[in-house]
Amino acid sequence: MREKIWKAQGEDPKVMKEMNNVKLGQDSLFQVSKDGLVVIGNRIYLPDDKVLKSEVLKEAYESKLAIHPGSTKMYRALK
């Protein structure tokens, strides 16, 4: 999943613009993690890609390690 997110980030105009701002020395909330993913704070930035977002939600919901805590708790965990 991380590789899919990384690839989508590389094609996202918002990420490209923010990374250019960082290179120019301008302030940005975006950072690049050690593994190359674009993050905001300690959260991975997920581009506005409906298919990718659906996959992330499906993985979180159907994972054998996940217990469905209810929609509000699940939203907070994914956020």
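Visitor: Let's start with V15. Which residues does V15 touch, leaving out those up to four places away in sequence?
Guide: Keep in mind that this is a predicted model. With those sequence neighbours set aside, V15 is in contact with Q9, F30, V38 and Y45.

Visitor: How should I read a cluster like that?
Guide: Here's the general idea: in soluble globular proteins, nonpolar side chains tend to be buried together. In this case, the largest nonpolar core has 5 residues: V15, M19, F30, V38 and Y45.

Visitor: On to the sheet. What is the strand order, and is the pairing parallel or antiparallel?
Guide: In general, strands of a sheet pair through backbone hydrogen bonds, in either a parallel or an antiparallel way. Here you have an open sheet of 3 strands, ordered β1-β2-β3, and the pairing is antiparallel. β1 (30–32) and β3 (43–44) are the edge strands, each paired on one side only.

Visitor: How many bridges join β2 to β3?
Guide: There are 2 bridges between β2 (residues 38–40) and β3, and these strands run antiparallel. To find one of them, look at I40, whose bridge partner in β3 is R43. While you're there, see helix α2 (residues 13–23): this helix packs on the sheet, touching β1 and β2, with its direction at about 80° to that of β1.

Visitor: What about I5: buried or exposed?
Guide: I5, which sits in helix α1 (residues 2–10), counts as buried because its relative accessible area is 7%, and the cut-off for buried is under 20%. Beyond residues up to four places away in sequence, I5 touches L37, I44, Y45, L46, L52 and V56. I5 and V56 are 51 residues apart along the chain, yet their C-alpha atoms are separated by 9.4 Å.

Definitions and conventions:
Residues are numbered from 1 along each chain as its sequence is written. This is a predicted model: local features need pLDDT of at least 70, side-chain atom pairs count only at pLDDT 80 or more; totals for chains, interfaces and linings use all residues. Side-chain values use heavy atoms; hydrogens and water are left out. Helices (H or I, at least four residues) and strands (E, at least two) are DSSP runs, numbered from the N terminus. Buried means under 20% relative accessible area, exposed over 50%, partly exposed in between (1.4 Å probe, protein chains only). Contact means heavy atoms within 4.5 Å. Two strands pair if DSSP finds at least two bridges between them. Axes are lines fitted to C-alpha atoms, for helices over the stretch in contact, and angles run from 0 to 180 degrees between N-to-C directions. A nonpolar core is a set of buried Ala, Val, Leu, Ile, Met, Phe, Trp, Tyr and Cys residues joined through side-chain atoms within 4.5 Å.
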